[in-house]
Amino acid sequence: MNIAFVYNVRHLKPALNDPKAQAEAEYDTPETIAWMKESLEKLGHTVHEVEATTATYEKLRALKKSYSDLLVFNYSEGIGGNDHEAQISAICEILDLTYTGSSVLTSAIILNKARTKEILKNYHIPTPEWIIINPISLITPIALSYPLIVKPNSEGSSKGIFNNNVVNNLEELTNVVTKIRDGLQGSVLLETYLPGREFTVAMLRDQDAWRVLPIIEVKFDELPDGMYPIDSYEVKWIYDSPENKIEPLECPAKIDDKLRQRIKDICIRTCEALEVRDYCRIDVRLDANDNPYVLEVNSPPGMAPNPAENSRFPYAARKAGMTYEELLDKIIQSALRRR
């Protein structure tokens, strides 16, 4: 069939002291985009590349006029604004195009960490306690207990989350919140810091049921002294890179059957509560008593096919015995069932 492959491309290498490079953290390298396009073509599809820009609507509209069988493989983060991950799905809805991934509403909610947590709490799915500081709110003493972790409310790929985002007092909190406000749009999430192990769980819709791929533990044993064991920008983009000889992921995670089942259960319930479609990746962390909590949901998750990049979703798929092409095909088939 004809596939419109919609994506964002990264032009700068990740760097700690370059805000422009950090702004592109959610995007993919030209090499990744080319590899993904080639993988889709190996499945027998004709692939039309569409970079996410202000011209995307007209490009998709023209492709629809030319190809009656058009499917949109939506791997885009959008163009800008706090709800950017919902933009391409909204365009597809306007044009009545079948597309991969979650709906407009779900995509917007998932990018908003606080709204996601409100829904999880309503469904009795464990998530760390939190409060929101809006862009113009004063920073005052808060009810949550330290330590806290501070995050931009509407960003992914560890954007705006650095090692010093774990704070232990009001002075540290004020400094981090001010820095996030100066660099990124929107509100700031304050969340109870959980001291336990961290996992990431790839979820794949397979024959109208959620399939939990082998659970990955994110390991922090090889980090330099002074680094908190969190999946920060430094960890995800600087230390975990093909140039560094460290292995931060362990899959399948070495956990007992009881904990594995608890993690699976809350991840399936999360997908159902948020009405996620096709695929996603869920970050989970344990408290001091080894109870699992959902941190956030990634939809779409990173899908870099090069094993050297340690992209978590393809990593779990390989451990499940799937080739990259088979993984893409399952996502496409899940979307086609909606057509």
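**Salt bridges, odd backbone and one helix**

Okay, let me start with one residue: Asp-278 is buried, and its relative accessible area is 1%. By buried I mean under 20% relative accessible area, with exposed being over 50% and partly exposed in between, using a 1.4 Å probe and protein chains only.

Before I go on, this is a predicted model, where local features need pLDDT of at least 70 and side-chain atom pairs count only at pLDDT 80 or more, while totals for chains, interfaces and linings use all residues. Residues are numbered from 1 along each chain as its sequence is written, and side-chain values use heavy atoms, with hydrogens and water left out.

So, the overall picture. The protein chain has 11 helices and 14 strands; these are DSSP runs numbered from the N terminus, H or I with at least four residues for helices, E with at least two for strands. There are 339 residues in the chain, and buried ones make up 55% of them. On accessible surface, we get about 15,000 Å², and 49% of that belongs to carbon and sulfur atoms. Those areas come from the Shrake-Rupley method with a 1.4 Å probe, and for residues only the protein chains shown count as cover. Now contacts, meaning heavy atoms within 4.5 Å: take the ones between residues at least 6 apart in sequence, and 71% of them join residues at least 24 apart.

Right, salt bridges. The structure holds 17 of them, where a salt bridge is a side-chain nitrogen of Lys or Arg within 4 Å of a carboxyl oxygen of Asp or Glu. Back to Asp-278: what does the side chain of Asp-278 meet in a salt bridge? The partner is Arg-338, at 2.8 Å, N to O. Asp-278 sits in the loop between α9 (257-274) and β13 (279-286) and Arg-338 in the segment after α11, so this pair ties together parts that are 60 residues apart in sequence. Arg-338 itself is partly exposed, at 34% relative accessible area. While we're here, Lys-117, Lys-151 and Glu-191 are joined into one network by salt bridges that share partners.

Next, Asp-208. Its salt-bridge partner is Arg-337, with the closest N and O atoms 3.5 Å apart. That one links distant parts of the chain: Asp-208 is in the loop between β9 (198-206) and β10 (209-212), Arg-337 is in the segment after α11 (324-336), and they are 129 residues apart. Is Asp-208 buried or exposed? At 55% relative accessibility, exposed; Arg-337, at 35%, counts as partly exposed. There's also a salt bridge between Asp-206 and Arg-211, at 3.7 Å, N to O. There, Asp-206 counts as buried at 19%, and Arg-211 as partly exposed at 29%.

On to the backbone. Most residues other than glycine have a negative phi, and most peptide bonds are trans. Asp-208 comes up again here, with a positive phi near 65°. Glu-275 has a positive phi too, near 60°; this residue is in the loop between α9 and β13, and it counts as exposed at 56% relative accessibility.

As for cis bonds, the peptide bond from Cys-251 to Pro-252 is cis, with omega near 0°. Pro-252 is in the loop between β12 (249-250) and α9, and Cys-251 is buried at 10% relative accessible area. The bond from Ser-299 to Pro-300 is cis as well, omega near 5°, with Pro-300 in the loop between β14 (292-298) and α10 (312-319).

Last stop, helix α4, residues 87-95. Which of its residues are buried? Ile-88, Ser-89, Ile-91, Cys-92 and Leu-95. Looking down the axis, they fall within an arc of 155°, so they line one face of the helix; the arc is taken from the directions from the helix axis to the C-beta atoms. The cover over them includes β1 (2-7), α3 (56-66), β3 (71-74), β4 (98-99) and α5 (104-111). Right after α4 comes Asp-96, with a positive phi near 60°.

And Cys-92 is buried at 0% relative accessible area. How many disulfides does the structure hold? The count is 0, taking a disulfide as a pair of cysteine sulfur atoms within 2.5 Å.
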